[in-house]
Amino acid sequence: MTTERRTDHRVVFERGFPAQMMGIDGTWRRACVLEDVSETGAKLTVGSSVEGLNLKEFFLLLSSTGLAYRRCELGWVNGDQIGVNFLKPGDKKKKNSRPQESEAANA
């Protein structure tokens with residue numbers, strides 16, 4: 001049995017909640033089941049292989065129309081289950097600015 005590392009309160013779905021994973025650029029899509037969710041992330045069961053997909057950043061679509069979604073990054077993989085961390089709107093900018101700041105300090 002795995003040890004739970006998340007400290008946030010989570011909601012566990014007894015039968016899972018059907019969802020879709022989609023690449024940021026829209027070039028790939030995979031069906032998945034949302035097993036549990038917290039404010040900062042979720043556990044998904046993926047029906048088909050995710051090998052070769054860019055999971056650094058992707059969308060988790062929670063509605064069939066795509067109107068409810070979260071931007072995610074891969075946290076961990078264990079067989080057909082993956083853990084995702086939800087990204088906030090400013091997260092990408094912060095990550096990109098850090099290397100530039102350190103480069104400026106070394107110049």
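These legends describe close-up views of a predicted model of one protein chain.

The model is predicted, so local features need pLDDT of at least 70 and side-chain atom pairs count only at pLDDT 80 or more, while totals for chains, interfaces and linings use all residues. Residues are numbered from 1 along each chain as its sequence is written, and side-chain values use heavy atoms, with hydrogens and water left out.

**View 1. The whole chain holds six strands and one helix.** Helices (H or I, at least four residues) and strands (E, at least two) are DSSP runs, numbered from the N terminus. The order from the N terminus is β-β-β-β-β-β-α. The chain has 107 residues, and 30% of them count as buried. Buried means under 20% relative accessible area, exposed means over 50%, and partly exposed lies in between (1.4 Å probe, protein chains only). The chain exposes about 7600 Å², with 51% supplied by carbon and sulfur atoms. Accessible areas come from the Shrake-Rupley method with a 1.4 Å probe; for residues, only the protein chains shown count as cover. Among contacts with a separation of 6 or more, 46% come from residues 24 or more positions apart. A contact means heavy atoms within 4.5 Å.

**View 2. Six strands form a closed barrel.** The strand order is 1-2-3-6-5-4, and the pairing is antiparallel. From one strand to the next, the twist averages 45 degrees. Axes are lines fitted to C-alpha atoms, for helices over the stretch in contact, and angles run from 0 to 180 degrees between N-to-C directions. Two strands pair if DSSP finds at least two bridges between them. Strands of a sheet pair through backbone hydrogen bonds, either parallel or antiparallel.

**View 3. Strand 1 pairs with strand 2 and with strand 4.** Strand 1 covers residues 10–23, and nine bridges join it to strand 2 in the antiparallel sense. Strand 4 (residues 58–61) pairs antiparallel with strand 1 over four bridges. Met-21 has Arg-30 as its bridge partner in strand 2. In strand 4, the bridge partner of Met-21 is Leu-60.

**View 4. A hairpin loop links strand 1 and strand 2.** Five residues lie between the strands. Gly-26 takes a positive phi near 80 degrees there. Asp-25 lies in this loop. Asp-25 is exposed, with a relative accessible area of 58%. The C-alpha atoms of Asp-25 and Glu-57 are separated by 9.9 Å, although the two are 32 residues apart along the chain.

**View 5. Strand 3 is largely enclosed by the rest of the structure.** This is because five of the six residues of strand 3 (residues 41–46) are buried. Five bridges join strand 3 to strand 2 (residues 29–38), running antiparallel. Two residues separate the strands of this hairpin. Leu-34 stands opposite Leu-44 in strand 3. Strand 3 and strand 6 also run antiparallel, joined by five bridges.

**View 6. Gly-83 in strand 6 stands opposite Lys-43 and Trp-76.** Strand 6 covers residues 81–86, and strand 5 covers residues 69–78. These two strands pair antiparallel over six bridges.

**View 7. The largest nonpolar core has 18 residues.** Met-21, Leu-44, Leu-60 and Val-84 touch the most other members. Strand 1, strand 2, strand 3, strand 4 and strand 6 each give two or more residues to this core. A nonpolar core is a set of buried Ala, Val, Leu, Ile, Met, Phe, Trp, Tyr and Cys residues joined through side-chain atoms within 4.5 Å. Leaving out residues up to four places away in sequence, the contacts of Leu-60 include Met-21, Cys-32, Leu-34, Leu-44, Cys-72 and Phe-86.

**View 8. The structure holds three aromatic pairs.** One of them is Phe-13 with Phe-17, a tilted pair at 6.0 Å centre to centre, with 35 degrees between the planes. Rings of Phe, Tyr and Trp (its six-membered ring) pair if their centres lie within 6.5 Å; planes under 30 degrees apart count as stacked, over 60 as edge-to-face and the rest as tilted. Phe-13 is partly exposed at 26% relative accessibility. Phe-17 is partly exposed at 35%. Phe-59 and Tyr-69 form an edge-to-face pair, 5.4 Å centre to centre and 85 degrees between the planes. Phe-59 lies in strand 4 and Tyr-69 in strand 5, so this pair ties together parts ten residues apart in sequence. Phe-59 counts as buried at 19% relative accessibility, whereas Tyr-69 is partly exposed at 46%.
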